[in-house]
Amino acid sequence: MPRAKSVQKVARHQLAKAPTGIQGLDEVTDGGLPKGRVSLVCGKAGCGKSLLAMQFLVNGAVQYNEPGVCMNFEETEEKLAANVTSLGFDLHDLTKRKKLLIDYVFIERSQITESGEYNLDGLFIRLGHAVKTIKAKRVVLDSVQALFAGVADTAILRSELQRLFRWLEDHHLTAIVTAEAGINTLTRHGLEEYIADCVIALDHRVTEQISTRRLRVVKYRGTSHGTDEYPFLIDEDGISVVPITSLALTHEARTDRVSTGIPAMDQMMEGKGFFRGSSVLVTGTAGTGKSSLAANFASAACARGELCLYFTFEESPSQILRNMRSVGLDLERWVKKRLLHFNAMRPTSTGLEGHLAVIHKLISRLRPSVVVIDPITNLVSATGSYDVKSMLVRLVDFLKVEQVTSIFTNLTFAGDPQEKTAAAVSSLMDTWVVLRDSKPNGRPRRELYILKSRGMEHSREVRELIVSKSGLELGIVLKDHTVATHVAGQ
């Protein structure tokens, strides 16, 4: 038999990339945009194309010592500089230091003919001079539609687009070209996406009067990249992307413990409390003490000198501070010491992706040891159980990777099985604390028990939760309500 030919292996080379400096985007693209190549950023009006391009240019000049040229066909230098000042970008200063050059090119549509002789030679001369002046490494063309506004001949259009992209690559420039979205195509002409090496689509959608922004890497030649839709946020710092869905289950499981803030509750968990970096779910009907329990844990963390980030979707920070004083918790002192940070948001103020982006950004900025989400129920009422569970999966994964101990409160309703949480997220949680109302002999009381706590021996005996001006504490074991005792490893 003839000997089979051996397949020669080709050495693998990592594609050179230029980091954008945009939080999350470099993670999605596995390092940034293709260095020395052209990337296309497309989308409808108002989705953030120009902002992303300018942030890429400014970050390149400031963070990576790569001067950049912005050739704009729609906005003057003064207007563009004014638009990005609110984001902290000082284009005039960068221009003076020859880190940035902005060239506004006015194109009169009537001057563009379809005689078959239309070309971009004049643009190449002008762009080449700008690049040479500041020794630019990055280029932004915003937007490409203006160049071909009067050209209907597809052959000419494709030919000149290819010449433009080739010119940029021949000069070893890392470029972003922006383009408007078409009706049934990514771009109006439907050609740019086939020529560019990297295509990023931005989307700004409104669902039930709530707007969300999402980013997707449609293609990226020569390298792996995230392919999902990623929520992104535009705020005073510019664009930040939330690539949480790309996280794998590789986080470290900590073995050290943190106190719950209630000594008797610590005793129910081997006398040590929660695992650090674990996720804790506190459920119960209205008035059972969910927020008080979460605030008590936050206060105990601050007393240890740890920073706590408290997200509230129901009450203002001032209202929480006032209410918690009635149960013996002085949270204001931790706020003054900058150990406790509140972030209050209405569930309907933005979409779930927007909430996720805000939470992700604040955690990355403040680096807290403890995070409280109070309550997740309000998010469900604003959207739906499935969407909230998807969001919480990403959030819990992110918190575990960051080794943040988190507490989520969830409202349940009288008569419902305890296993049914509002967002069906109990399986995501390491510890599940159940609170409930009871009226033995007509006397109302609050009850607490630990339904599960993975990786540790824990008691499932029912205890009375006593909430008073002196604080939170547990009463005697309620023998007639014992669920089970010393359940290990759930």
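Reader: In strand 17, which residue is the bridge partner of threonine 312?

Author: The model is a predicted one. Strand 15, residues 308-312, runs parallel to strand 17, residues 370-374, and five bridges join the two. The partner of threonine 312 in strand 17 is aspartate 374.

Reader: Which residue follows aspartate 374 across a cis peptide bond, and where is that residue placed?

Author: The peptide bond that starts at aspartate 374 is cis, and its omega is near -15°. The residue at the other end of the bond sits in the loop between strand 17 and helix 13 (377-382). That residue is proline 375.

Reader: What is the strand order of the open sheet of nine strands?

Author: The pairing within this sheet is mixed. Strand 16 (340-344) and strand 23 (471-477) are its edges, because each has a single partner strand and so one side without a neighbour in the sheet. From one strand to the next, the twist averages 25°. The order reads 16-15-17-18-14-19-20-22-23.

Reader: What angle does the direction of helix 9 make with that of strand 18?

Author: Helix 9 packs on the sheet. Its contacts include strand 14, strand 15, strand 16 and strand 17, along with strand 19 (431-438), strand 20 (445-453) and strand 23. Strand 18 (405-411) is touched as well, and the angle between its direction and that of helix 9 is about 165°.

Reader: Which strands does helix 12 touch?

Author: Helix 12 spans residues 352-366 and packs on the sheet. Its direction makes about 165° with that of strand 15. The strands it touches are strand 15, strand 16 and strand 17.

Reader: How many bridges join strand 22 to strand 23?

Author: The two strands run antiparallel, and a hairpin joins them through two residues. Serine 468 stands opposite glycine 471 in strand 23. The number of bridges is five.

Reader: Which residue in strand 22 is the bridge partner of glutamate 447?

Author: Strand 22 (residues 463-468) also pairs with strand 20, in the antiparallel sense. Three bridges make up that pairing. Glutamate 447 has as its partner in strand 22 glutamate 464.

Reader: How much space lies in the largest cavity?

Author: With a cut-off of 30 Å³ or more, the count comes to one cavity. Its lining consists of Thr260, Met265, Phe274, Val280, Val282, Leu293, Phe297, Ile407 and Val433. The space inside the largest cavity is about 40 Å³.

Reader: Which elements each supply at least two residues of the lining of the largest cavity, and how many of the lining residues are charged?

Author: The elements that each supply at least two lining residues are strand 14 (279-284) and helix 9 (290-303). By class, the lining divides into eight nonpolar residues and one polar. The number of charged residues is none.

Reader: Why is the pair of phenylalanine 124 and tryptophan 167 called stacked?

Author: A search of the whole structure finds three aromatic pairs. In the pair of phenylalanine 124 and tryptophan 167, the ring centres are 5.6 Å apart and the planes are at 5°, so the pair is stacked. Phenylalanine 124 belongs to helix 5 (residues 121-134) and tryptophan 167 to helix 6 (residues 154-170), so distant parts of the chain are linked, 43 residues apart. The cut-off that settles the class is planes under 30 degrees apart.

Reader: What is the omega of the bond that joins aspartate 142 and serine 143?

Author: Most peptide bonds are trans. The bond between aspartate 142 and serine 143 is cis, and serine 143 lies in the loop between strand 6 (138-142) and helix 6. Its omega is about -5°.

Reader: What is the phi of lysine 98?

Author: Most residues other than glycine have a negative phi. Lysine 98, in the loop between helix 4 (91-96) and strand 5 (100-104), has a positive phi although it is not a glycine. The value is about 55°.

Reader: Which residue in strand 11 is the bridge partner of phenylalanine 232?

Author: Strand 10 (residues 230-235) and strand 11 (residues 238-241) run antiparallel and are joined by four bridges. They form a hairpin with two residues between them. The partner of phenylalanine 232 is valine 241.

Notes: Residues numbered from 1 in each chain as written. Predicted model: local features only at pLDDT ≥ 70, side-chain atom pairs only at ≥ 80, totals over all residues. Heavy atoms only, no water. 1 Å grid on protein atoms, 1.4 Å probe; cavity = no way out; pocket = protein on both sides within 12 Å on 5 of 7 lines; lining within 4 Å. Points joined across faces, edges and corners; volume = space filled by probe spheres on them. Nonpolar A, V, L, I, M, F, W, Y, C, P; charged D, E, K, R; others polar. Pairing = 2+ DSSP bridges. Axes fitted to C-alpha atoms, helices over the stretch in contact; angles between N-to-C directions. Contact = heavy atoms within 4.5 Å. Phe/Tyr/Trp six-rings, centres within 6.5 Å; stacked < 30°, edge-to-face > 60°.
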